[in-house]
Amino acid sequence: MIDTKNKMPLLGGILILLLLSCRSSNQEIIRVENIICQPIICEDNYIIGGPREMALSDSILAVMDAKSDSMLLFFNVKSGKYLGKAGIRGQGPSEFTVLSSLESHGGGSFSFYDINKKTFYYTNSVMGDGVQFIPAFCVDSGLPLEVHPMANGKFIAPGIYEKYRYCVLDSNGQVHSTLGEWPYRDKDEKTVSGIVRSQAYMFGIASSPSRTKFVAYLMSADMLSFYQLENDSLHLRKETIVTYPDYEYRNNPTDYSGASRDSPLVYLWATCSEDYVYLLYSGKKNSVRML
């Protein structure tokens, strides 16, 4: 956790350790722990306007900033030093607009996706001289809001889709396959446009280090889905649905009007090891239960 001296408010919550395994077992448990925050970086020579995603590669921490003139900040967590910023906000060929899907790779390098440009980028090693952004591919179909690298040169792309929940892309950004149906609580919601349901059920995802499996988590409801990539095909291994998002859909089935203000936030963030999923939970009710 970065201590920015009140520039970066801390989110309270509960850390949920959830077993991520494709084995059939009756010994899967959920353990709840309190979050312990310790300052790592305490300098004053940087400003974070709207921190979003973070990723750690070796000793380099990248922070995605949604409101500053440069959209990525870099820190060395071993030395506790601020390294600098990169990724100028703008519409030019070497500038960026709306970023998502920040992930780490080896040697202090990262990847991310520019939603407006529909382009996926890698960086060079931030530990070298200057940050370079290398476009890997553009996505020419659908409306993906995130693009995350998986194993075997595949990419998982959540987004706004009518007839499926995910696209699997190849290394050229072409659609390799599609998967899943948007959830629904009853027969009335099942008739709602997939475009509307895709916005109501806007899953975030977090993949394992091997990038062969990932968890999809929902901020607006207590819903978790576990997937595995096998032989270039994506499979749903388990899904737990405790609650559904509260939004207007019966009177207006074609336009999404947003979630109810009274709805508690549920899963704020997730990260994975090979065997476990770590979820940051926040809500008015404790919906943690044995699976």
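This short report looks at one sheet and at two residues with an unusual backbone angle. The structure is a predicted model.

**The sheet**

Let's start with strands S15, S16, S17 and S18, which lie side by side in that order and make an open sheet with antiparallel pairing. At the edges sit strand S15 (203–207) and strand S18 (233–241), each of which pairs on one side only. On average, neighbouring strands in this sheet are turned by 20° against each other, direction ignored. What holds strands in a sheet together in general? Strands pair through backbone hydrogen bonds, and the pairing can be parallel or antiparallel.

Now zoom in on one pair. How many bridges join strand S16 to strand S17? There are five, between residues 213–218 of S16 and residues 223–230 of S17, and the two strands run antiparallel. If you look for Ala 216, you will find Ser 225 of S17 opposite.

**Two residues with positive phi**

Next, meet Ser 101 and Lys 118. Ser 101 is not a glycine, yet its phi is positive. Lys 118 also has a positive phi and is a residue other than glycine. The table puts their details side by side.

| Residue | Phi | Place | Relative accessible area |
|---|---|---|---|
| Ser 101 | about 60° | strand S7 (residues 99–105) | 1% |
| Lys 118 | near 55° | loop between strand S8 (109–114) and strand S9 (119–123) | 21% |

Is Ser 101 buried or exposed? Ser 101 is buried, because its relative accessible area of 1% falls under the 20% cut-off. Lys 118, with 21%, counts as partly exposed, because that class lies between 20% and 50%.

Conventions: Residues are numbered from 1 along each chain as its sequence is written. This is a predicted model: local features need pLDDT of at least 70, side-chain atom pairs count only at pLDDT 80 or more; totals for chains, interfaces and linings use all residues. Side-chain values use heavy atoms; hydrogens and water are left out. Two strands pair if DSSP finds at least two bridges between them. Helices (H or I, at least four residues) and strands (E, at least two) are DSSP runs, numbered from the N terminus. Axes are lines fitted to C-alpha atoms, for helices over the stretch in contact, and angles run from 0 to 180 degrees between N-to-C directions. Buried means under 20% relative accessible area, exposed over 50%, partly exposed in between (1.4 Å probe, protein chains only).
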